[in-house]
Amino acid sequence: GHTGTSGGLVEIDDLGKVIRSASNADPAFGSALLMPYGLVVIPALDRVVSTNSSMHDEDIFSGVTYQVWRLSDLKLLKTAYLDVGENRYAQISPEEPRLGPDGSVFVQTLGCGIERITSIKTSAPHSQLVFSFPGNWCGVPTIVGHYLIQSVPAVHGFIVLDISVAAKPKEVSRLTLSDVYHPHWTAWDPKTQRLVVTSGHTP
């Protein structure tokens with residue numbers, strides 16, 4: 001059956017008690033898939049930025065929006081479409097938002113794009129597709145300093161972007177782990193100065 005097209009955000013405390021919740025349904029986007037996937041909390045701006053994407057197979061390529069919320073009361077402030085680039089698909093299925101060193105938000109998409117969202121505190125946030133990786137099914141990125149590390153299945157490894165000029169990221173490194181490795185998740189451990197990576201599936 002149909003799995004629904006909207007959801008919401010829920011804030012819980014350390015014991016699992018619900019503090020507040022809010023629907024992400026937006027009447028102005030009635031036909032859009034509004035399933036919250038990932039979010040980044042920005043206390044300094046009293047904002048939350050969330051992405052809309054789905055893990056249901058029938059909806060997996062239908063997410064094309066992001067949303068901006070007020071953190072203090074989880075009021076939905078804005079729903080907006082992601083920027084469409086030259087290949088026409090790198091904006092599809094936005095998943096993991098990450099706060100960049102400049103205060104903007106970088107969003108990885110399943111279409112292997114990086115969208116950069118700016119003007120988050122204003123009534124008119126703006127998204128721009130600033131980089132496209134080869135292929136599709138890009139997974140969970142990590143920002144360390146002014147570098148963004150992205151798992152890229154098409155290269156069977158990872159590509160590193162320098163985002164010190166946030167509007168124009170530049171590839172500075174890539175690593176192929178093996179010709180059968182399918183990278184998915186990345187995470188940084190600042191204590192050991194190590195990057196942890198996982199495979200999307202076993203070959």
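# Notebook: strands, buried residues and a pocket

I began at strand 8, where valine 105 is the bridge partner of leucine 99. The model is predicted, and I keep that in mind throughout.

**Entry 1. The hairpin of strands 7 and 8.** I looked up the pairing next. Strand 7 covers residues 94-99 and strand 8 covers residues 105-109. The two pair in the antiparallel sense, over 4 bridges. I then followed the ladder to proline 94, whose bridge partner in strand 8 is threonine 109. The hairpin has 5 residues between its strands. Glycine 103 takes a positive phi there, near 95°.

**Entry 2. The sheet around it.** I asked which strands this hairpin shares a sheet with. The order is 7-8-9-10, an open sheet of 4 strands with antiparallel pairing. Strand 7 and strand 10 (126-132) are at the edges. Each has a single partner strand, so one side of each is left without a neighbour in the sheet. On average, neighbouring strands here are turned by 25° against each other, direction ignored.

**Entry 3. Threonine 109.** I went back to this residue in strand 8. Is threonine 109 buried or exposed? I noted 0% relative accessibility for threonine 109. The cut-off for buried is under 20%, so threonine 109 counts as buried. I listed its contacts, leaving aside neighbours within four places in sequence. Threonine 109 is in contact with Ala90, Gln91, Ile92, Ser93, Pro94 and Glu95, and also with Glu115 and Cys138. Pro94 in that list is the bridge partner I had already written down.

**Entry 4. The largest pocket.** I looked up its volume, which is about 310 Å³. Of the 14 lining residues, Leu110, Trp137, Cys138, His184 and Gly200 are the closest to the centre. I sorted the lining by class: 8 nonpolar, 5 polar and 1 charged. Cys138 is in this lining, and Cys138 is also a contact of threonine 109.

**Entry 5. Tryptophan 137.** I picked this residue from the pocket lining. Tryptophan 137 is in the loop between strand 10 and strand 11 (142-144). Its phi is positive, about 65°, although tryptophan 137 is not a glycine. Its relative accessible area is 47%, so I put tryptophan 137 down as partly exposed.

**Entry 6. A second open sheet.** I moved to strands 3 to 6. They form an open sheet of 4 strands in the order 3-4-5-6, with antiparallel pairing. Strand 3 (36-42) and strand 6 (75-81) are the edge strands, each pairing on one side only. The twist averages 20° from one strand to the next. I checked one pair within this sheet. Strand 3 and strand 4 (residues 47-52) run antiparallel and are joined by 5 bridges. Isoleucine 42 stands opposite arginine 47 in strand 4.

**Entry 7. Tryptophan 69.** I found this residue in strand 5 (residues 65-70). How accessible is tryptophan 69? Its relative accessibility is 0%, so tryptophan 69 counts as buried. Not counting residues up to four places away in sequence, tryptophan 69 touches Leu9, Ala22, Ser23 and Asn24 among others. Its contacts also include Asp46, Arg47, Val48 and Ser50. Leu74, Lys75, Leu76 and Leu77 are on the list too. I also took one distance: tryptophan 69 and glycine 139 are 70 residues apart in sequence and 24 Å apart in space, C-alpha to C-alpha.

**Entry 8. Leucine 74.** I followed this contact of tryptophan 69. Leucine 74 is in the loop between strand 5 and strand 6. Its phi is near 55°, a positive value in a residue other than glycine. Leucine 74 has 7% relative accessibility, so I count leucine 74 as buried.

**Entry 9. The hairpin of strands 1 and 2.** I turned to the start of the chain. Strand 1 (residues 8-12) and strand 2 (residues 18-23) pair in the antiparallel sense over 5 bridges. Glutamate 11 stands opposite arginine 20 in strand 2. This hairpin has 5 residues between the strands, and glycine 16 takes a positive phi near 90°.

**Entry 10. Tyrosine 181.** I closed with a loop residue. Tyrosine 181 lies between strand 14 (170-176) and strand 15 (183-189). Leaving aside neighbours within four places in sequence, tyrosine 181 is in contact with His156, Phe158, Val197, Thr198 and Ser199. I noted its separation from alanine 25: 156 residues in sequence and 38 Å in space, C-alpha to C-alpha.

Note on methods: Residues are numbered from 1 along each chain as its sequence is written. This is a predicted model: local features need pLDDT of at least 70, side-chain atom pairs count only at pLDDT 80 or more; totals for chains, interfaces and linings use all residues. Side-chain values use heavy atoms; hydrogens and water are left out. Two strands pair if DSSP finds at least two bridges between them. On a 1 Å grid over the protein atoms alone, a cavity is a set of points where a 1.4 Å probe fits but cannot get out, and a pocket is an open set with protein on both sides within 12 Å along at least five of seven lines; lining residues have an atom within 4 Å of a point. Grid points are joined across faces, edges and corners, and a volume is the space filled by probe spheres set on the points. Ala, Val, Leu, Ile, Met, Phe, Trp, Tyr, Cys and Pro count as nonpolar, Asp, Glu, Lys and Arg as charged, and the others, Gly among them, as polar. Axes are lines fitted to C-alpha atoms, for helices over the stretch in contact, and angles run from 0 to 180 degrees between N-to-C directions. Buried means under 20% relative accessible area, exposed over 50%, partly exposed in between (1.4 Å probe, protein chains only). Contact means heavy atoms within 4.5 Å.
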